[in-house]
Amino acid sequence: MNPTDYFLLGSGITAILFVVFWVYKKGEVQKKEEYFKTLELENFEIKTENQLQKHEIQILETEKIQREEKLFDKLEKLEYSRIALESEKNRMIRVQEEEAFEKEEKKYKQWVEHENNVIFKIKNICKNLEFNFDVFDNTNLPLYFDMQLKPDCMVEFLGQYIVFDAKKSKNPKTYIAEQVKNTAKKYSESEVFEKIYSTIFFVMPDSEITQLKQTIFQDSGYTFLVISEKSLVSVFYFLKKISQYENLENFNPQERENLVNLIATYDTHISYQNAVNFVLAKQSFDINNIKNHLPVEFISDVKLLQNKTKKKIINQAEVLKYAGNKNLQKKEISNIINPQSVISFDIMKNSENLYKKI
């Protein structure tokens, strides 16, 4: 082979190699392009996925913020509710405390009023000349008396002192039992126990006495009597009688005779008064029998009028007023006997004679 052949052969081989190389390079470029396209597609998908995830994250964050806001609102409302509840609770406590204070204050005022009424009534009774007892209260005790005892009220009686204590409680049963025990201990252990009369009176309102099954108690040699204000006059009446009987042996013969004459005169007067009342009552029945002999229509008219007539009721307050004041009785009787009217003396005299005949 000549050199030309070698040159052509080399040129052909070079051309072939170039073509092969070019094809190879082109394939590599296509592969790279396809790879880049694949990367771009994957990158796009990743970006799309990232955007979706970012969007979901934004949604989640938004929902989280909304939940946090709602939760904050609920917590805020809950705190407001707690504060309002606490405030209402404190208000209710204050109201209850005020009501309890007012109740205790009212109870104390009622007790003080009851105590003052009892002391006032006892003092008024003792001022009455019919009784005339020396009376002391917790602000005015005998000089030698134990000032720590402080009884509500005391009355001097036969060289000793009868104690009157005003008592008031919403639970009288347990209260009185406790007061009996404490009072008995207080007076029995005091230095002036021999000056305290063995009977002690507890003065209570009627409404509380009705709750007691027992009104007489014994403790440490003392007798405790639970009484009402209405019973005070009767108690002092009997105390006065007892003091009179106690001093009966000191009466001289003339005083004894005068006392016997007084009792006999009272007995005679009461018997005569009863007889007069009986005769008048008997005459009223006789008059009623006369009425029954009237014509039937008259009797019917009388009954009809009686049914329409308001029944007469004795005024209890007026009876008590006259029963407790003999001077007032005398004055009213004097006004009846000597009225300021136009009734003549002859009519009065005839009425008196008629009364004597009855």
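This briefing describes a strand arrangement, the helix that packs on it, and the surroundings of one serine. The model is predicted. Its sheet is open and consists of 6 strands with mixed pairing. Helix 2 (172-188) precedes the loop that holds Ser 190, and strand 4 (199-203) follows that loop.

**Sheet architecture**

- The strands of the open sheet follow the order 1-2-3-4-6-5.
- Strand 1 (135-137) and strand 5 (216-219) are the edge strands, each pairing on one side only.
- On average, neighbouring strands of this sheet are turned by 25° against each other, with direction ignored.

**Strands 5 and 6, and the packing of helix 2**

- The pairing between strand 5 and strand 6 (residues 222-227) is antiparallel and extends over 4 bridges.
- Ile 216 has Leu 225, in strand 6, as its bridge partner.
- Helix 2 packs on the sheet, where it touches strand 3 (160-166), strand 4, strand 5 and strand 6.
- The direction of helix 2 makes about 140° with that of strand 6.

**Surroundings of Ser 190**

- Ser 190 lies in the loop between helix 2 and strand 4.
- Ser 190 counts as buried because its relative accessible area is 7%, the cut-off being under 20%.
- The side chain of Ser 190 reaches the backbone oxygen of Tyr 187 at 2.8 Å.
- When neighbours within four places in sequence are left aside, Ser 190 is in contact with Asp 146 and Leu 149.

Notes
Residues numbered from 1 in each chain as written. Predicted model: local features only at pLDDT ≥ 70, side-chain atom pairs only at ≥ 80, totals over all residues. Heavy atoms only, no water. Helix = DSSP H or I, 4+ residues; strand = E, 2+ residues; numbered from the N terminus. Buried < 20%, exposed > 50% of the residue type's maximum accessible area, 1.4 Å probe, protein only. Polar contact = N/O pair within 3.5 Å; in protein donor to acceptor, adjacent residues only side chain to side chain. Contact = heavy atoms within 4.5 Å. Pairing = 2+ DSSP bridges. Axes fitted to C-alpha atoms, helices over the stretch in contact; angles between N-to-C directions.
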